[in-house]
Structures are given as C-alpha cells and as structure tokens.
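Student: I have not looked at this structure before. Could we go through it one part at a time?

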Amino acid sequence: MSKVYNPKQIEKKWQTAWDKAGVYNTKNTSKAKTYYTLVEFPFPSGDGLHVGHVRSYAAMDIVSRKRRMQGYNVLFPIGWDAFGLPTENYAIKTGIHPAVVTKKNTNNFRKQMRALGLSFDWNREVNTSDPSYYKWTQWMFLQFLKKGLAYKAEVPINWCPKDKIGLANEEVVGGACERCGTPVEKKIKNQWMIRITAYADKLLAGLEKLDFLPEIKKQQEHWIGRAEGARIQFPIFGSQSVISVFTTRPETIFGATYLVLSPEHELIDILKPQIKNYTVVNDYCVTVVAKQEEDRVGSKEKTGVRVEGVEAVNPATGERIPVYVADYVLSGYGTGAIMAVPAHDQRDFEFAQKYSLPIKIVISRSSVENSKDVFEGNGRLVNSGNFSGRDCQEAKSDIIKKVGGRRAVTYKLRDWVFSRQRYWGEPIPVVICGSCGYVPVPEKDLPVVLPNVKDFKPRDDGQSPLASVATWVNVKCPNCKKPAHRETDVMPNWAGSSWYFLRYTDPCNTRIFADKKLLKKFMPVDWYNGGMEHVTLHLLYSRFWNQFLYDCGFVLAAEPYRKRTAHGVILAGGGVKMSKSKGNVINPDQIVASHGADTLRLYEMFMGPFDQAVAWDFSSIEGVSRFLGKVWRIHHEKVSATASPNRQLTVLLHKTIKSVSDDIESMRFNTAVSACMIFVNACFDQPVVPVSLWKKFLLILAPFAPHITEELWQSFSSEKKFSSIHTVAWPRYNPQFLITDSVTIPIQINGKMRDQVIVPVGSSQDHVFAVACEREKLQPYLRNASVRTVIFVPDKIMNIVL
Ligand code: ANZ
Ligand code: ZN
C-alpha cells in the first residue's frame with residue numbers, strides 16, 4: 001500500500017470489484033425491508049454530466065449507502081430521459097440519427113457516473129427512447145384514450161413563421177424563435193390533449209399527506225390554482241346570447257360596470273352581424289392572439305377595444321353596461337370572460353381609468369384601511385340595493401341566488417398539450433381512418449416504432465417529418481381495413497419521464513410495464529431528490545400519471561413519491577451562472593482526473609448548505625483533498641491495535657457518529673463533513689489512535705468517500721473473499737458518551753458523603769479539590785483542617801481524609 005494518498009491507484013480498482021461482487025444490486029427476492037431512493041434521470045446531452053448532476057447524485061448516493069449499511073434492500077436506479085429537442089436539433093444540423101447520438105452520449109454519461117463511484121444498480125438502466133420502453137408509454141396513452149382522458153382539440157401553438165415550425169415553450173426566448181430570432185406567432189392546430197384537469201382535486205388533496213418541502217407543495221398548489229367563486233350570466237341586450245363570466249367575488253356584482261371578453265372568445269364571431277366595429281375588433285384580436293401569454297398579463301399596460309353595438313345587462317342592477325375585448329382576460333381560464341369591478345379589482349381599475357369607464361364603490365372600507373389603492377378587501381356592502389349594509393361575505397350566497405348564478409370552481413391548471421410535430425419522440429399510437437375516425441393501434445401491435453428518416457426537419461406545412469414517410473404513414477385501418485394513415489405527431493418529452501420510476505422496479509418485463517408484485521415491493525419511492533425547476537411540470541405530470549394508473553388498477557399506491565427534496569444550483573466562481581458561452585463550466589471529469597472522485601464528491605457535499613445555491617471554489621477542493629490525505633496518513637502512521645483506550649477520542653467519535661447519522665437524514669451534508677474533519681484533526685493530534693475507534697470512523701465516512709474508505713478497510717481484512725465496507729452495519733453511537741461534557745462527582749469527608757461537585761469530564765485531582773474547597777457545604781469540615789490524604793477516581797469520586 002502506497003505511503004501517500006493517490007486516488008488514481010484505488011478508485012478504478014474498487015469500482016470494478018464492487019461491480020464484480022454485485023454490491024449495489026437490488027434483490028427482487030430479498031426479505032429485507034426495501035428502500036427506494038430516486039434521482040431525476042438525466043437527459044444525455046452532448047456536453048456530458050455537469051457538476052450540478054454530481055451534487056444531487058452524490059447526495060442520494062450517500063443516503064442509499066447509509067440505508068444499505070442499515071440493512072435495507074435499496075433500489076437506487078438510473079436511466080436516460082433520452083427523447084427531446086436538443087438531440088433532434090443536433091440531428092437536423094449534422095444529419096446524424098438521434099439514436100446514434102443518444103447511444104454515444106449515454107455511453108459517456110455512464111462512464112462518468114461510474115467514475116464517480118455512484119452506487120446505482122446498473123442492471124436496471126432504462127432508456128425512454130428504447131422501443132421496449134416506449135412500447136409501454138404508448139400503451140399508457142391508449143389507456144388514457146380508453147378512459148376518455150386523451151382527446152383532440154384546436155389549440156394555439158407557438159409558430160415560427162420563418163422556420164415554419166411549431167416551437168416548444170422553451171424554444172421561445174423573449175417572444176422570439178430561439179434559433180432565428182423571428183417573433184413567434186400563435187397558430188391554431190389540432191392537437192392531442194390529456195385531461196389532467198380531471199385530476200386537479202386529487203392532485204391537491206394528495207399533497208397533504210406527502211413529505212414534500214413546503215416550498216414544493218406551495219408551487220404545486222399555485223400551479224393547480226384552485227379558485228372558488230360563481231358563474232353568472234349577463235344577457236346581451238336585444239339578443240338571445242348571454243355572456244357567462246367566472247368571478248371569485250360575486251358579491252361585488254352591483255359594481256360591475258362593464259364586461260370583458262378574451263380576444264379568443266367565440267361570441268365575437270357569433271355576434272359579428274351586431275358588432276358595428278367588427279374589423280377593428282377582429283384586427284385587435286388577431287394581434288393579441290399572436291402574442292405570448294406572459295406579454296399579455298403581468299405589469300404591462302392593458303389594452304382593449306370596445307365592442308360597439310353590443311351591450312350587456314347587469315342582472316343585479318338591470319343597467320346596460322358596455323362590452324370590451326382586452327388582452328388581460330385569458331381564454332383558458334374560467335369562462336374566458338369577466339365582469340369588471342374597477343372599484344375593487346386593481347386590473348379592472350387600471351383599465352377603467354385608461355378608457356374612462358365608471359368606477360362604482362360597492363364595499364365600504366373600514367376607516368383604518370384608508371390607503372389610496374383600490375380596495376380589494378371585505379367589508380360592508382354599499383350601493384347594492386337591498387343588500388346594502390350587509391357584510392359582503394355573509395351576503396354572497398343570497399346575491400348569487402338573486403342574479404341566477406351558481407357556485408363554481410375554476411383551476412389555473414390546463415389540459416396538457418400532448419402533441420409535438422416533431423421526430424424524436426414516441427409516435428402517438430393512433431390510426432386516422434376516413435370512416436372510423438381516430439382508431440387506437442391494437443395493443444398487440446405495440447410498439448409503433450419510430451421509422452428511419454433522412455431529413456429530421458419538420459415540414460413547411462408544420463407537420464412532423466414522419467408525415468413524409470409514406471411507407472410508414474399508409475396503413476390499413478385496424479377497424480374496417482380500408483386504407484388509412486398513421487398519426488404523425490409524437491409525444492412531448494414529458495411523457496417518458498412521467499412513469500420511469502415504475503419501470504425501474506421491473507425493467508425487463510415484456511408482458512406488462514411492471515409486475516404488480518414488484519410494484520408492491522418497491523413503490524412508492526421513499527425519497528426523491530431533484531431540481532426546483534421540475535417541481536411544477538414533471539412532478540405534477542408524474543403524480544397525475546401514477547394516480548391515473550392507480551385508478552385503472554395497474555399500480556397499488558396512488559402517490560408515487562413519499563418524500564421530495566431539492567438541491568440548490570451550483571454557480572461558477574464569483575456567483576454567476578455556469579454557461580458554455582461564458583466558458584466557466586466546470587467539467588467533473590477534470591476534477592476526477594486531478595483530485596479523484598472522493599474529493600469531488602466530498603467537496604460538493606461540503607461546499608455549502610445543500611438546498612442553497614453555492615459558487616464553485618477551487619481552493620476548497622484543495623482543502624478537502626488535504627483532509628483525505630490526512631485520513632490516509634493517520635491510518636498508516638497512527639492507527640494501532642495496541643493503543644490504550646482514549647476517552648477524549650471515544651467521546652468525540654460517538655458525537656461524530658451521531659451528527660453524521662442525523663445530518664444525512666436532514667441533508668445537512670456540509671456539517672456532516674465538517675464533523676468528520678474535526679474528528680480527523682483530533683486524531684492527528686494524538687500519538688496513536690486505537691484501531692477500534694478508527695474502524696467506526698471509516699464506516700461513517702464510507703458513504704461520502706467510498707473508494708478511500710474501502711481501500712483502508714480492506715487493509716484490516718485477512719480473508720480471501722471480498723467483503724465490502726459498504727455492506728458492514730452502520731455504527732451506533734453510545735448515548736452515554738453524549739449526555740454531557742461534565743460529570744457530577746460525589747465528595748466524601750473521611751468516607752462519608754457530604755456534597756457533590758460538577759466539573760468538566762476528565763478534570764484533574766487538583767481541579768476537583770479546588771472546586772470542593774470553595775463549596776459552602778464543605779466549609780465546616782475543611783476550614784482549619786489539615787488534609788492527610790486525598791483519594792481520587794477521575795470522573796467518579798473524591799474522598800478527602802482529614
Ligand atoms: C369580478 C371581481 C371583482 C373579481 C373583484 C375580482 C375582484 P384569481 O383570484 O386569480 O383566480 N378573471 C376571471 N376569469 C378570468 C380570465 N379568463 N382572465 C383574467 N381574469 C379573469 O382570479 C379570479 C378573478 O379573476 C375573477 O374574479 C375575475 O375577476 C378574474 F373585486 O370577477 B373577478
Ligand atoms: Zn376504419
């Protein structure tokens with residue numbers, strides 16, 4: 001064994017040994033309690049793994065290793081979220097098939113992950129772009145279809161008029177096409193939709209019992225955006241039509257001085273003959289519809305046009321009020337039309353001021369709240385007919401009744417647009433037949449395999465490149481056998497990641513996506529760690545997907561994740577974002593090559609609180625590397641089997657075991673590492689370190705620095721057969737050593753107990769005697785007496801013989 005710590009000589013060696021011995025393999029048949037740790041599987045980009053991945057993976061690797069040592073049968077899997085735009089765009093640029101690029105990139109990721117010593121069970125790797133995987137994604141789509149949760153609808157998509165392609169939201173940057181900078185337009189397309197809104201209440205209710213970070217729950221609730229209120233119909237004067245509005249404040253209806261339609265509202269076409277300024281209205285609508293939603297709402301100045309010739313009747317007052325179209329009313333929310341109450345709603349107030357519309361106060365503000373702002377609070381009704389004088393909340397039900405409205409609930413959550421007119425995704429398994437309509441591909445014919453194409457670019461007509469593959473597109477209708485054609489849209493990138501955690505339990509099953517027995521054994525995931533950027537879409541989609549499969553009876557737990565935590569991002573030195581264009585991206589491979597994987601892992605755990613953003617700091621890497629060097633030296637220079645017991649080190653060791661054990665559970669990895677450093681420094685100050693203490697220390701360091709600890713541990717082993725440190729039981733601490741740092745010592749005078757003193761553990765005879773001499777209780781005995789001898793047992797007892 002080398003005298004100096006050299007990670008290059010040990011890391012590869014142990015990675016191979018662990019693989020060979022199957023140390024991290026999850027056992028389907030084990031009787032031990034299971035524990036399922038999950039990290040977000042990466043998109044295998046051409047840039048390879050970055051240091052941000054390492055932070056999350058190393059953290060959950062530590063949790064997984066601790067659980068194994070605690071005796072659990074741990075499932076800690078990994079795979080590839082392999083479909084997606086970057087690979088497709090790369091294919092468009094280079095002509096290299098996305099499957100070829102994916103293979104190359106996953107090989108690189110796998111190599112990088114292995115070099116980090118992550119304890120994944122590599123037998124369970126999944127790849128969402130593999131037909132044996134997406135067969136089941138397609139099968140699940142058919143279940144949605146069967147249950148009426150997949151449907152077709154006309155919805156607006158982002159459209160680049162120059163490239164002539166539909167864009168995903170993430171390809172729209174500041175309202176312009178990410179590649180060419182052309183302002184993006186909206187284009188109405190017939191799309192596959194998934195009715196996630198049917199699960200809005202279940203998704204909300206399910207949150208309650210889950211151990212998610214409070215911030216994560218809040219974001220999910222906000223995204224679902226449940227609002228209680230009423231739907232109220234406003235008749236149109238001189239017409240059969242009515243305008244139905246959704247309001248959360250029906251009690252303010254006496255103050256509704258105008259109505260607003262969203263520019264997409266269907267009534268605009270229906271009322272065309274009646275609208276005097278139709279051209280102006282229509283031009284306005286077309287411009288607004290082309291805009292991005294974030295440009296329409298928010299702080300921007302509101303715009304609108306009066307719909308001339310159309311007046312509505314306020315059902316509370318009987319008054320005729322004007323109707324507008326305006327950008328601040330959205331089509332996808334509520335009914336897409338509002339009653340505007342400018343005295344009590346800030347948005348309406350701004351609009352009313354701009355267009356000189358009447359502002360009528362219907363709730364009196366209590367005198368204390370006398371600011372100039374629009375009063376959006378509750379209070380006594382005024383100017384509200386018979387209801388005046390009543391408390392607005394108390395009168396709410398009566399007012400809804402009086403105007404013929406009904407209570408209603410609305411959600412911000414919208415149905416999921418599930419089509420992409422792209423290539424690198426799961427083909428939607430549907431055949432379109434002239435006589436039968438949309439016909440599901442029979443389950444026995446799955447997977448519908450993505451055909452090979454030469455040109456990956458979407459077509460000028462906005463269709464997927466698949467539309468050009470005649471041999472693939474033209475099929476017989478599964479129903480009537482007449483000529484028909486395949487759906488050429490593919491699924492969004494979010495599909496495959498909505499259920500990957502289920503597949504890990506049974507990754508090779510060809511009969512079903514996962515066997516129920518194995519689902520029962522491993523699901524739900526015990527602990528899922530991921531980024532804050534995924535707590536709305538991915539987390540919501542996957543919870544929904546799992547809840548749906550649960551309702552169908554295919555999985556046994558309604559909620560897929562028991563616990564969800566999140567890591568902070570890693571910034572470049574100076575606290576700025578790491579980005580290729582700035583050239584400040586840190587490649588983990590470099591650190592592994594220069595300092596070793598153990599140092600990189602330990603550094604990323606030590607760099608700062610796990611849930612916070614931290615900046616990269618090379619000098620700290622050196623510090624961590626020196627720490628491991630010290631561990632190495634102590635092991636070789638000080639650890640001894642014949643060293644006599646050392647109380648100070650023993651107490652410190654037990655404290656360290658406790659803090660490392662607790663800190664791993666609460667993800668305070670940085671303080672766990674510093675506790676280890678304190679212990680190592682204390683050992684370094686000693687001439688010898690008892691081997692029994694040292695072995696326990698190696699065990700708690702093992703999850704953090706798996707290679708060096710394995711190497712040092714094996715030096716104690718004389719057995720031929722390899723038995724890894726990572727399978728040894730997690731050490732327990734003895735609470736007795738932790739109770740306190742001081743002890744109570746009884747003081748005897750001539751063998752009779754007279755008092756007791758509290759002194760620091762390990763106090764000397766002189767110190768204890770000095771403390772005793774100060775005690776009032778002992779004064780009668782000790783004053784003027786001559787001490788013959790003192791019998792002292794450290795930390796136990798003192799007998800003063802006079
Ligand atoms: C009248 C009213 C009076 C309103 C008042 C508020 C205050 P939240 O709370 O965000 O859910 N609204 C309804 N549909 C809308 C749409 N499609 N686009 C934009 N705004 C819409 O919002 C509910 C309130 O937002 C509703 O209650 C409605 O304005 C508006 F003193 O109706 B309210
Ligand atoms: Zn047919």
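**Strands, a helix and a metal site**

Tutor: We start with one bridge: phenylalanine 212 has arginine 564 as its bridge partner in β26. Keep in mind that this is a predicted model.

Student: How many bridges join β10 to strand β26?

Tutor: Strand β26 covers residues 563-567. It runs parallel to β10, and the number of bridges joining them is 2.

Student: In which order do the 5 strands of the open parallel sheet stand, and which are the edge strands?

Tutor: The pairing in this open sheet is parallel, and the order is β2-β1-β25-β26-β10. An edge strand pairs on one side only, and that applies to β2 (73-75) and β10 (211-212).

Student: Which strands stand at the edges of the 3-stranded sheet, and why is one side of each left without a neighbour?

Tutor: The order in this open antiparallel sheet is β12-β11-β19. Each edge strand has a single partner, so one of its sides has no neighbour in the sheet; the edges are β12 (242-247) and β19 (406-410).

Student: By what angle are neighbouring strands of this sheet turned against each other on average?

Tutor: The strands concerned are those in the order β12-β11-β19. With direction ignored, the average is 35°.

Student: How many bridges does β11 form with β19, and how many with β12?

Tutor: Strand β11 (residues 227-235) runs antiparallel to β19, and 5 bridges join them. One pair of facing residues is alanine 227 and threonine 410 in β19. With β12 the pairing is also antiparallel, and isoleucine 232 has valine 245 as its bridge partner there. The counts are 5 for β19 and 6 for β12.

Student: Which residue in the turn of the β11 and β12 hairpin has a positive phi?

Tutor: The hairpin has 6 residues between its two strands. A phi of about 70° belongs to glycine 238.

Student: Why does the span of helix α2 agree with its 19 residues?

Tutor: Helix α2 takes in residues 51-69, and 19 of its 19 residues are buried. At 1.5 Å a residue the expected span is 27 Å, and the end C-alpha atoms agree with that because they are 27 Å apart.

Student: Which residue with a positive phi follows α2?

Tutor: Its phi is near 100°. The residue is glycine 71.

Student: Is phenylalanine 351 buried or exposed?

Tutor: Phenylalanine 351 lies in helix α11 (residues 346-354). Not counting residues up to four places away in sequence, its contacts include Tyr258, Lys302 and Leu357. The cut-off for buried is under 20% relative accessible area. At 1% relative accessibility, phenylalanine 351 is therefore buried.

Student: Which atoms coordinate the zinc ion (ligand 2)?

Tutor: The donors follow the spacing C-x2-C-x40-C-x2-C along the chain. At 2.2 to 2.4 Å, the zinc ion (ligand 2) is coordinated by Cys433 (SG), Cys436 (SG), Cys477 (SG) and Cys480 (SG).

Student: How far apart along the chain are cysteine 436 and cysteine 480?

Tutor: Cysteine 436 is in the loop between β21 (430-433) and β22 (437-440). Cysteine 480 is in the loop between β23 (474-476) and β24 (483-486). The pair links distant parts of the chain, and the separation is 44 residues.

Student: What is the arrangement of the 4 donor atoms around the zinc ion (ligand 2)?

Tutor: The angles they subtend are 105 to 114°. Four donors count as tetrahedral if all angles lie between 85 and 135 degrees. The arrangement around the zinc ion (ligand 2) is therefore tetrahedral.

How values were computed: Residues numbered from 1 in each chain as written. Chains lettered and ligands numbered in written order. Predicted model: local features only at pLDDT ≥ 70, side-chain atom pairs only at ≥ 80, totals over all residues. Heavy atoms only, no water. Helix = DSSP H or I, 4+ residues; strand = E, 2+ residues; numbered from the N terminus. Buried < 20%, exposed > 50% of the residue type's maximum accessible area, 1.4 Å probe, protein only. Contact = heavy atoms within 4.5 Å. Pairing = 2+ DSSP bridges. Axes fitted to C-alpha atoms, helices over the stretch in contact; angles between N-to-C directions. Donors = N, O, S within 2.8 Å, 3.2 Å for Na, K, Ca; no water. Tetrahedral: all angles 85-135°; square planar, octahedral: opposite > 155°, others 65-115°. Expected span 1.5 Å × (residues − 1).
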